[in-house]
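Here is a friendly walk through one protein model, taken a region at a time. Keep the sequence and the 3D view open as you read.

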Amino acid sequence: MPTLHLLTGAPGAGKSTLIAHLAAYPFAAVDFDELIDPVSELLGMDVRSSSASRVWPGYNRLWVEITTLLLRAGEPVLVMCPLTPDEWKHATAGAEGVPEAVWGRLDCDDADRRARLAARGWDAPQIESALADAAELRGAVEREFTTSGRSAAGTAADLAAWVGSPRSISP
């Protein structure tokens, strides 16, 4: 069975930025954010909003199913998500064919997170919530990959080494 790598990260850590850089490596890399807009359109609500919290378990379960499909190819899979290991365990309850995951955490300095989220137009309460999410994830997942002071290509190369990519690409 191929290895499943889950890379958690609070908003602003750099998950969405990294996805384009990970396309250069020979493994599947996906980000939970990649389906937010189409799923929001399908459901008629913004899946990112707290008012949509009732659909979050279903959204997580959708990603479990997508991950299972990707694993069928027999290659490693890297899934970037905002979940804790406990949330993933809940999402996979009853699912077939999902191996134990190897966990990592994408993170950045709080000052970088504040600046990144402010540049997206987030207000102070939203930013504080993201900082609290980051603190929670720091306590839940030990293995860290930082994006502070690093190029996206360099972080992607470190992630590829972690996933076990047989091909090396210089950052």
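## Pro76 and its surroundings

In this predicted model, Pro76 has a relative accessibility of 19%, so it counts as buried, the cut-off being under 20%. You will find Pro76 in the loop between helix 3 and strand 3. Leaving aside residues up to four places away in sequence, Pro76 touches Pro2, Thr3, Phe27, Ala28 and Val163.

Pro76 also has a partner from far along the chain: Gly164 is 88 residues away in sequence, yet the two C-alpha atoms are 7.8 Å apart in space. Gly164 follows helix 7 and has a positive phi, near 95 degrees.

## Helix 7 and what it packs against

Does the length of helix 7 fall short of, exceed or agree with what its residues should span? Helix 7 covers residues 152-163, and its twelve residues should span 16 Å at 1.5 Å a residue. The end C-alpha atoms are 16 Å apart, so the two values agree. The buried residues of helix 7 are Gly154, Thr155, Ala156, Ala157, Leu159, Ala160, Trp162 and Val163. These buried residues pack against strand 1 (4-8), helix 1 (15-22), strand 3 (77-81), strand 4 (101-107) and strand 5 (144-146).

Helix 1 deserves a second look here. Its axis and that of helix 7 come within 9 Å and cross at roughly 70 degrees, and the two helices are therefore roughly perpendicular to each other. On the helix 1 side, the residues in contact are Thr17, Leu18, His21 and Leu22. They meet Ala152, Ala153, Thr155, Ala156 and Leu159 of helix 7.

## Helix 3 meets helix 4

Two packed helices are described by the angle between their axes and the distance between the axes. For helix 3 and helix 4 (residues 85-92), the angle is about 75 degrees and the axes are 9 Å apart. That makes helix 3 roughly perpendicular to helix 4. Where they meet, helix 3 supplies Asn60, Arg61, Trp63, Val64 and Thr67, while helix 4 supplies Trp88, Ala91 and Thr92.

Is Thr67 buried or exposed? Thr67, found in helix 3, has a relative accessibility of 0%, so it counts as buried. Beyond residues up to four places away in sequence, Thr67 touches Leu4, Val77, Val79 and Trp88.

## Aromatic pairs

How many aromatic pairs does a search of the whole structure find? There are four. In one of them, the ring centres of Tyr25 and Phe27 are 6.1 Å apart and the planes are at 20 degrees, so this pair is stacked. Tyr25 is buried at 7% relative accessibility, and Phe27 is buried at 9%.

Phe32 and Trp63 also form a stacked pair, with 5.2 Å from centre to centre and 15 degrees between the planes. This pair links distant parts of the chain, since its members are 31 residues apart. Phe32 lies in the loop between strand 2 (28-31) and helix 2 (36-43), and Trp63 lies in helix 3 (residues 56-71). Phe32 is buried, with a relative accessible area of 2%, and Trp63 is buried at 3%. Ring pairs join Phe32 and Trp63 with Tyr59 in a cluster.

## Leu35 beside the cluster residues

Which residues does Leu35 touch, not counting residues up to four places away in sequence? They are Tyr59, Leu62, Trp63 and Ile66. Leu35 sits in the loop between strand 2 and helix 2, and its relative accessibility of 24% makes it partly exposed. Leu35 and Val47 are twelve residues apart in sequence, with their C-alpha atoms 9.6 Å apart in space.

## Cysteines

If you are wondering about disulfides, the structure holds zero. Cys81 is in no disulfide, and the nearest cysteine sulfur, that of Cys108, is 16 Å away. A disulfide needs the two sulfur atoms within 2.5 Å. Seen from the other side, Cys108 is also in no disulfide, with the sulfur of Cys81 as its nearest cysteine sulfur.

Both residues are out of reach of the solvent probe to a degree that counts as buried: Cys81 has a relative accessibility of 0%, and Cys108 has a relative accessible area of 3%.

Definitions and conventions. Residues numbered from 1 in each chain as written. Predicted model: local features only at pLDDT ≥ 70, side-chain atom pairs only at ≥ 80, totals over all residues. Heavy atoms only, no water. Buried < 20%, exposed > 50% of the residue type's maximum accessible area, 1.4 Å probe, protein only. Phe/Tyr/Trp six-rings, centres within 6.5 Å; stacked < 30°, edge-to-face > 60°. Helix = DSSP H or I, 4+ residues; strand = E, 2+ residues; numbered from the N terminus. Expected span 1.5 Å × (residues − 1). Contact = heavy atoms within 4.5 Å. Axes fitted to C-alpha atoms, helices over the stretch in contact; angles between N-to-C directions. Parallel < 35°, antiparallel > 145°, perpendicular 65-115°, else oblique.
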